[in-house]
Amino acid sequence: TLLALFNKATQYEAQVHYTGNKYDFATLQDIFKTSLKFSDTFIPSESPIVLDDKSYTENTIYFVNRKDAIQSQIYFLVNGENYATEKEPFIDAFNDYFGGGFSGLVIQEIREYRSMAYSAGARYSIPLLAGKKSIFVGYIGTQADKTIDAIGVFEDLLLSLPQKTERINTIRTSLVQEAFASKPDFRDLSEKMVTWKYQGFYEDPAKFKLESYKNLTFDDLNTFYTKSLQGKPIVICLVGDKKTVDMKKLATYGKIVEVKESILFKK
């Protein structure tokens, strides 16, 4: 079955990325034709296909009950806005401020200050294709008895972004340094260029973003947050033990939809 699917896949038109010291296209073409098996007549490809995320109008909680769960694994999802290249510098700034490793709000507020999580993180995503919607994804791995409190802290961060304006200088410097150091490895460059084109760039994005980074203000970051995230419905995906999670309190954060594990995975 797998071989049949693989053979079907090879009938579609494809991209070939090459890194090496042969520059003559005709020579490379002959090598590829004799070394790789392609179909004589390609099926037109619609790649890349980016599926639209489901939109939500109310807070919703998907709960998977695991009786053996010692910890709770919690994901937060928020529908984002349509992506465009001009938004990317502010997406980068928000991600650095909100979910940026040990200096981000999520780790500091949930893990360091309150010891409510073993691991935590968050990111406002950039889709593969320009014009497609972004999505915000947050994560907490915590002890079962801290589930409700951890959800409360994370939701508070999403509903009302802390205004730590003094951090903007550090964020600005970090983004500028990252732009200078973000040159792709030479073996990855051709694939990276294709990805940039899908997203709407026709040169290295670092050139475009650098000027925005240098002039970045906290108002810019806050404006992005208020337009793209604040007040939007929050979807929570939770895997945990129902006996150790206060379900009544959990219901205050949204409509609970219990999901059977058998629906997610076939044994």
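Two cavities of 30 Å³ or more turn up inside this structure, which is a predicted model. The bigger picture helps to place them. The protein has 267 residues, and 36% of them count as buried. It is built with 11 helices and six strands, and its C-alpha trace spans about 65 × 55 × 30 Å along the principal axes. Take the contacts between residues at least 6 apart in sequence: 82% of these join residues at least 24 apart.

Back to the cavities. The largest one has a volume of about 40 Å³. Around it sit V78, L158, L159, L229, Q230, G231, K232 and I234. Sorted by class, that lining comes to five nonpolar residues, two polar ones and one charged one. The second largest cavity holds about 30 Å³ of space, and its walls are formed by E81, N82, Y83, A84, K87, I91, Y124, S134, F224 and S228. Two elements, β2 (71-82) and α9 (218-228), each give two or more residues to this lining. Here the split is five nonpolar, three polar and two charged residues.

Next come the pockets, which are open rather than closed off. The largest pocket offers about 520 Å³ of space. Its lining takes in 20 residues, and those nearest the centre are E88, D92, E178, K209 and Y213. Which helices supply at least two residues each to this lining? They are α3 (88-99), α6 (168-181), α7 (189-199) and α8 (205-214). The lining of the largest pocket is evenly weighted between two classes, with eight nonpolar and eight charged residues, and four polar residues make up the rest.

The second largest pocket has about 300 Å³ of space. It is lined by A14, Q15, V16, Y18, F25, L28, Q29, F32, K33, F38 and F42. Nonpolar residues account for eight of these, alongside two polar residues and one charged residue.

Helix α3 shows up again when helix packing is considered. The axes of α3 and α9 come within 9 Å of each other and cross at roughly 90°. An angle from 65 to 115 degrees counts as roughly perpendicular, so that is how α3 and α9 lie to each other. On the α3 side, the contact is made by F90, I91, A93, F94 and Y97, while α9 brings F218, D220, L221, F224 and Y225. By class, this contact has nine nonpolar residues, no polar ones and one charged one. Two of the residues in this contact, I91 and F224, also belong to the lining of the second largest cavity.

Strand β2, already met at the second largest cavity, is also home to S72. Is S72 buried or exposed? With a relative accessible area of 0%, S72 is buried, because anything under 20% falls in that class. Its surroundings come from well beyond its own stretch of the chain. Setting aside neighbours within four places in sequence, S72 is in contact with I140, G141, T142, Q143, A144, T147, L238, V239, G240 and V245. One of these partners, T147, sits 75 residues from S72 in sequence, yet the two C-alpha atoms are 6.5 Å apart in space.

Finally, two loops have backbone details worth a look. In the loop between α2 (25-35) and β1 (60-65) lies P48. The peptide bond leading from S47 to P48 is cis, with omega near 0°. The other detail concerns S115, found in the loop between α4 (105-112) and β3 (119-124). S115 is not a glycine, but its phi is positive, at about 50°. How accessible is S115, and what does it count as? Its relative accessibility is 48%, so S115 counts as partly exposed, the class that runs between under 20% for buried and over 50% for exposed.

Terms used:
Residues are numbered from 1 along each chain as its sequence is written. This is a predicted model: local features need pLDDT of at least 70, side-chain atom pairs count only at pLDDT 80 or more; totals for chains, interfaces and linings use all residues. Side-chain values use heavy atoms; hydrogens and water are left out. On a 1 Å grid over the protein atoms alone, a cavity is a set of points where a 1.4 Å probe fits but cannot get out, and a pocket is an open set with protein on both sides within 12 Å along at least five of seven lines; lining residues have an atom within 4 Å of a point. Grid points are joined across faces, edges and corners, and a volume is the space filled by probe spheres set on the points. Helices (H or I, at least four residues) and strands (E, at least two) are DSSP runs, numbered from the N terminus. Ala, Val, Leu, Ile, Met, Phe, Trp, Tyr, Cys and Pro count as nonpolar, Asp, Glu, Lys and Arg as charged, and the others, Gly among them, as polar. Axes are lines fitted to C-alpha atoms, for helices over the stretch in contact, and angles run from 0 to 180 degrees between N-to-C directions. Angles under 35 degrees count as roughly parallel, over 145 as roughly antiparallel, 65 to 115 as roughly perpendicular and the rest as oblique. Contact means heavy atoms within 4.5 Å. Buried means under 20% relative accessible area, exposed over 50%, partly exposed in between (1.4 Å probe, protein chains only).
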